[in-house]
Amino acid sequence: MHLAASFDGMWLGEITLDPIAGSIVGGELSRLERTLFEADWADAAGRLGRDPTVGELPRTAGQRRADALVEMATRSRSMPPDARRPAPLFSVLVGYETLYGRICELADGHVVAPGMLVPWLSGAYVERAVFGPGNRVEVGPAVRFFGGATRRAIELRDRRCAHPYCDEPAERCEVDHIIPYSAGGPTTQDNGRLLCGFHNRQRNQRPPPAA
Ligand SMILES: [Zn+2]
């Protein structure tokens with residue numbers, strides 16, 4: 001990382017981070033940026049009395065990102081020494097690698113080599129998902145909605161919308177019953193799949209398939 005004051009007092013920098021460090025820094029930066037964006041949006045909407053366009057916001061995206069970095073530094077200075085440190089969440093997929101060839105990823109979906117976990121073992125949240133016959137995570141097949149471990153297992157297994165031409169990631173998908181619940185379909189891993197909002201609505205508009 002390079003950061004230095006230039007002749008005219010402006011600061012110039014450049015940064016290169018490994019996947020885990022990048023996920024920590026980038027993730028927090030975008031979280032702060034989002035709150036600044038919402039503040040800018042509310043400010044402009046209040047001034048104009050309607051939804052603003054991006055050009056009517058008081059700051060550019062680049063300026064908001066710079067302000068988010070300053071906010072990050074300010075919060076770091078004011079953090080009490082005994083504050084709980086946030087930890088990255090790793091998902092380790094056991095029995096999945098034989099099918100898909102990757103086994104360890106960060107909470108944002110970035111796949112990392114398992115060896116990269118080692119320095120973080122004492123400080124990170126690590127979740128384990130076991131895939132394979134006899135090891136399925138199932139929680140109450142008669143419940144109406146997918147939740148808890150069953151939902152998480154389907155998210156980790158499918159990654160994205162089940163529609164063949166759709167790339168929406170798991171975090172923007174719902175878990176859908178393949179055989180509809182109303183037609184007696186169980187709430188299990190086998191009968192679950194991810195569908196984005198659009199494809200979920202599209203599916204629900206069609207009559208259910210004849211059983
Ligand atoms: Zn989709």
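These exercises work through a predicted model of one chain.

**Exercise 1. Confidence and layout**

State how many helices and strands the chain has, and say which element has the lowest mean pLDDT.

*Solution.*
- Start with the elements. The chain has five helices and seven strands.
- Put them in order. From the N terminus they run β-β-α-α-β-α-β-β-α-β-β-α.
- Turn to confidence. The mean pLDDT of the chain is 82, and 84% of its residues reach 70 or more.
- Compare the elements. Helix H3, residues 97–100, has the lowest mean pLDDT, 53. Strand S1, residues 2–5, has the highest, 95.
- Draw the practical point. Where pLDDT is low, predicted coordinates should not be read in detail.

**Exercise 2. Burial and contact range**

Find what share of the residues counts as buried, and what share of the contacts joins residues at least 24 apart.

*Solution.*
- The chain has 211 residues, and 11% of them count as buried.
- For contacts, take residues at least 6 apart in sequence. Of these contacts, 57% join residues at least 24 apart.

**Exercise 3. The first hairpin**

Describe how S1 and S2 pair, and find which residue between them takes a positive phi.

*Solution.*
- Strand S2 covers residues 11–14 and runs antiparallel to S1. Four bridges join the two strands.
- Fix the register with one pair: Leu3 stands opposite Gly13 of S2.
- Now look at the link. Five residues lie between the strands of this hairpin. Among them, Gly9 takes a positive phi near 90°.

**Exercise 4. Helix H1 and its packing on H2**

Check the span of H1 against the expected value, then describe how H1 packs with H2.

*Solution.*
- H1 covers residues 19–48, which is 30 residues.
- From first C-alpha to last, H1 reaches 41 Å. At 1.5 Å a residue, 44 Å is expected, and the span is close to that.
- Just past the end of H1, Gly49 takes a positive phi of about 75°.
- Next, the packing. H1 and H2 meet at an angle of about 115°, with axes 9 Å apart. The crossing is right-handed.
- List the contact residues. H1 gives Glu28, Leu29, Leu32, Glu33, Leu36, Phe37 and Asp40. H2 gives Arg64, Arg65, Asp67, Ala68, Leu69, Glu71 and Met72.
- Read the spacing. An α-helix has 3.6 residues a turn, so residues three or four places apart point the same way.

**Exercise 5. Ala87 in its loop**

Decide whether Ala87 is buried, exposed or partly exposed, and find what it touches.

*Solution.*
- Locate Ala87: it sits in the loop between helix H2 (61–78) and strand S3 (89–94).
- Count neighbours. Ala87 has 14 other C-beta atoms within 10 Å. Buried needs 20 or more, and exposed needs 12 or fewer. Ala87 is therefore partly exposed.
- Leave out residues up to four places away in sequence. Ala87 then touches Gly123, Ala124 and Tyr125.
- Add a distance. Ala87 and Trp120 are 33 residues apart in sequence, yet their C-alpha atoms are 8.7 Å apart.

**Exercise 6. H4 and the loop after it**

Name the buried residues of H4, then classify His163.

*Solution.*
- H4 covers residues 148–158; its buried residues are Thr150, Arg151, Ala153, Ile154 and Glu155.
- Arg159 follows H4, with a positive phi near 70°.
- His163 lies in the loop between H4 and strand S6 (173–177).
- His163 has 18 C-beta neighbours inside 10 Å, so it counts as partly exposed.
- Beyond residues up to four places away in sequence, His163 touches Leu195 and His199.
- The C-alpha atoms of His163 and Asn200 are separated by 9.6 Å, with their positions 37 residues apart along the chain.

Conventions
Residues are numbered from 1 along each chain as its sequence is written. This is a predicted model: local features need pLDDT of at least 70, side-chain atom pairs count only at pLDDT 80 or more; totals for chains, interfaces and linings use all residues. pLDDT is the predictor's confidence in each residue, from 0 to 100. Two strands pair if DSSP finds at least two bridges between them. The expected span of a helix is 1.5 Å times one less than its number of residues. Two residues are in contact if their C-beta atoms, placed from the backbone, lie within 7 Å. Axes are lines fitted to C-alpha atoms, for helices over the stretch in contact, and angles run from 0 to 180 degrees between N-to-C directions. A crossing is left-handed if the near helix is turned anticlockwise from the far one by less than a right angle, and right-handed if clockwise.
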